[in-house]
Amino acid sequence: MTEQNISNLSQENRTFEPPAELAASANVTADVYDTAAADRPAFWGEQAKRLDWGTPFTEVLDWSNPPFAKWFVGGKLNAAYNCVDRHVEAGHGDRVALHFVGEPADDTRDITYAQLKDEVSRAANAIEELGVEAGDRVAIYLPMIPEAVITMLACARIGAVHTVVFGGFSSDALASRIVDCGAKLIVTADGGYRRGAASALKPAVDEALVKIDNESTAIVENVLVVRRTGQDVDFDNDIDSWWHEVVDEASEIHEPQMFDSEHPLYVMYTSGTTGSPKGILHTTAGYLVQSAWTFWAVFDHKPDDVYWCTADVGWVTGHSYIVYGPLANGATQVLYEGTPDTPHKGRWWEIIEKYQVSLFYTAPTAIRTCMKWGEEIPATFDLSSLRILGSVGESINPEAYVWYRDNIGGGRTPIVDTWWQTETGAHMISPLPGVTSGKPGSAMTAIPGIAAEVVDDAGNPVDNGEGGYLVITEPWPSMLRTIWGDDDRYQDTYWSRWPNVYFAGDGARKDEDGAIWLLGRVDDVMNVSGHRLSTTEIESALVSHPKVAEAAVVGAADETTGQAVVAFVILRESAGDGGTEVIQELRAHVGKEIGPIAKPRTIMVVPELPKTRSGKIMRRLLRDVAENREVGNTTTLADSGVMDLITSGMKTAKDDD
Ligand code: PRX
């Protein structure tokens, strides 16, 4: 272990073999890794045959001008045709595409592929009527309702570029995204249902239009409004129109045009550590090939599976693994509008039981919340239909992994811990459920066709057993093509650290077998007495204590050690309030699990953690608290009151050395 690299201290020795039956019928077998590595472009060229092409491509990859890649050169296709029409033409029109479950009780709607084709065609005709052409941008600001999926596909069908803005974002976030990509049309709703109440959306659109001074800038030409909740809205007839008037009246016949492989498909904004949000651009063919193939391979998707991804369509997970990946495969899936605890904490498990969900994909933060609520809640539902569980968004702590496997998966189901990013577009590092023996907490190895490495400061691969920076060394089909309107920022942000190598911003280590363990964003790495410690490992050690439900760790400036470990923990409901005894116990526990160097200097028991709306912990704010600073900008928090709760608790806390 060199001081340059991230220390590798935690130990996890459990492994779970793929179930024999699953391995025997798995979509992907072990030999595919070697075949793909022998000739990556040929491998992806082969996978591209899963799609229907208007014009076949002549070259798989043009990497003559790195980091600007062109995949499937010369090909033409239509993404919406591939996700919808071709399944109807193949005789699967009666298959359910979406089991929509609204948050209010009994608000459900099943949409077959044939119906989806009609709806998407109507929306495509209507959007064209509103003056949108291929290449124009459309902002989508909708709740998790079928119209969100339909609008995305309608845009893809006509070659318009969609940018979905998460419905929980404010009018400021919406306004800045509209301006950055120059959206001509906004598709929104009066509101959606959240936590048992109608929550308005349209007013934020109205405010955004004022903020961008649309009266004079005239960026946005039309706003199309879905009536979801029936709540009152201000309606400006010059710019607003109702979905049920415009779309429902449109023809369900729409001829899809074929677009170039590199035609822009969507822009998804993601925050960086500094500066304005980055508009990540994904283009048509490469993105669709990799999202379709990974959905089929990583979830081992079979035609009779019922799949459910709990992400919002406003995030990349919703784009790749609710819309494009599953629908390109003709999958049947659940689309749920609401929160996991409305009207009761068993709502998700009730939905799995009702629809016989077999493939389930969620985030570690949600799993830990369910752990906090207690295993007796899922235990009252029949979850035996589940065969594979997925995790995405951050490292899944080994304890949460085992809890998920045992309490949701009945101890049977493999867990696919999928590492990827908005920028990568699709899965990059993940177990394959019929091939890989899963280790709790590890995303394991790069999927076939992807070249990932862990390197040191000089860019050299580290040995097994060591930590460093996670990089991708070869281009991949669903890679971002640029940052919208800013090629320089694209190059600087992702490709400048080492020549022609994509740096993902994450720390990782390779264990003795070469399996990859994600260690969090490198900016979250701490340096305690000259040892680089990973926040993820210490958090996992804390969560492995039976009294802890969630933990967030930050490094705070410390005169003696450079930085000191400060932990914020949420206790499980069964653990009581916590007192000095619990804190001693937890420090000792981390010391035992990782080593004395990692023992937190301070442990704060808190009721909540500050999270962004996509569930990522905002460690920056916790660092402010830990270093006794005024807490910085909290506007992107899901719940802005959380910081008051934490800071008021902090004043009464004592360091416990
Ligand atoms: O730090 C990694 C973490 O999430 C980052 C990407 O975030 P975003 O672009 O919002 O996409 C989230 C959905 C793909 C990564 O740089 N991350 C994502 N998945 C994992 C993960 N960290 C560890 N393990 C994962 N499975």
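**Exercise 1. Find the annotated binding site and say how it is spread.**

Step 1. Start with the record. In an unreviewed entry, UniProt annotates a "binding site" that covers Asp417, Thr418, Trp419, Trp420, Gln421, Thr422, Asp506, Arg521 and Arg532.

Step 2. Check the spread. These residues span 116 residues of sequence, and in space they lie up to 26.7 Å apart between C-alpha atoms. Keep in mind that the model is predicted.

Step 3. Place one of them. Tryptophan 419 sits in the loop between E20 and strand E21 (452-455).

**Exercise 2. Describe the surroundings of the ligand.**

Step 1. How many residues surround the ligand? There are 15. The closest are Asp417, Thr418, Thr422, Asp506 and Arg521.

Step 2. Compare with the record. Asp417, Thr418, Thr422, Asp506 and Arg521 are also part of the UniProt "binding site".

Step 3. Sort the shell by residue type. Four residues are nonpolar, six are polar and five are charged.

Step 4. Ask which strands contribute. E20 and strand E25 (516-521) each supply at least two residues of the shell.

Step 5. List polar contacts. In the backbone of glycine 393, a polar atom is 3.1 Å from a nitrogen atom of the ligand. Threonine 418 brings a backbone N or O atom to 2.8 Å from a ligand nitrogen atom. Threonine 422 uses its side chain: an N or O atom there is 2.6 Å from an oxygen atom of the ligand.

Step 6. Judge the burial. The ligand taken alone exposes 540 Å², and the protein buries 89% of that.

**Exercise 3. Trace the seven-stranded sheet.**

Step 1. Read the order. The strands run E5-E4-E17-E16-E18-E19-E20 in an open sheet with mixed pairing.

Step 2. Find the edges. Strand E5 (108-112) and strand E20 (415-418) each pair on one side only.

Step 3. Note the turn. On average, neighbouring strands here are turned by 20° against each other, direction ignored.

Step 4. Look at one pair. Strand E4 (residues 96-101) and E5 run antiparallel and are joined by five bridges. Within this pair, phenylalanine 100 has arginine 109 in E5 as its bridge partner.

Step 5. Recall the rule. Strands of a sheet pair through backbone hydrogen bonds, either parallel or antiparallel.

**Exercise 4. Trace the four-stranded sheet and link it to the ligand.**

Step 1. Read the order. It is E21-E22-E24-E25, an open sheet with antiparallel pairing.

Step 2. Which strands are the edges? They are E21 and E25, each pairing on one side only.

Step 3. Note the turn. Neighbouring strands of this sheet are turned by 45° on average, direction ignored.

Step 4. Look at one pair. Four bridges join strand E24 (residues 502-510) to E25. Aspartate 506 stands opposite arginine 521 in E25. Asp506 and Arg521 are among the closest residues to the ligand.

**Exercise 5. Locate unusual backbone geometry.**

Step 1. Look for cis peptide bonds. One joins proline 66 and proline 67, with omega about 5°. Proline 67 lies in the loop between strand E1 (59-65) and strand E2 (68-73).

Step 2. Find another. From threonine 342 to proline 343 the peptide bond is cis, with omega near 0°. Proline 343 belongs to the loop between strand E17 (332-336) and helix H13 (347-355).

Step 3. Check phi. Phenylalanine 72 has a positive phi, near 55°, though it is not glycine. This residue lies in strand E2.

Step 4. Add the domain. An unreviewed UniProt entry lists residues 31-83 as "domain: Acetyl-coenzyme A synthetase N-terminal". This stretch is 40% helix and 28% strand, with its end C-alpha atoms 29 Å apart.

Key
Residues are numbered from 1 along each chain as its sequence is written. This is a predicted model: local features need pLDDT of at least 70, side-chain atom pairs count only at pLDDT 80 or more; totals for chains, interfaces and linings use all residues. Side-chain values use heavy atoms; hydrogens and water are left out. UniProt positions are given in the numbering used here, feature names are shortened, and annotations may be inferred rather than shown by experiment. Two strands pair if DSSP finds at least two bridges between them. Axes are lines fitted to C-alpha atoms, for helices over the stretch in contact, and angles run from 0 to 180 degrees between N-to-C directions. A residue is near a molecule or strand if one of its heavy atoms lies within 4 Å of it. A polar contact is a pair of N or O atoms within 3.5 Å; within protein, one must be able to donate a hydrogen and the other to accept it, and residues adjacent in sequence count only if both atoms are side-chain atoms. Accessible areas come from the Shrake-Rupley method with a 1.4 Å probe; for residues, only the protein chains shown count as cover. Ala, Val, Leu, Ile, Met, Phe, Trp, Tyr, Cys and Pro count as nonpolar, Asp, Glu, Lys and Arg as charged, and the others, Gly among them, as polar.
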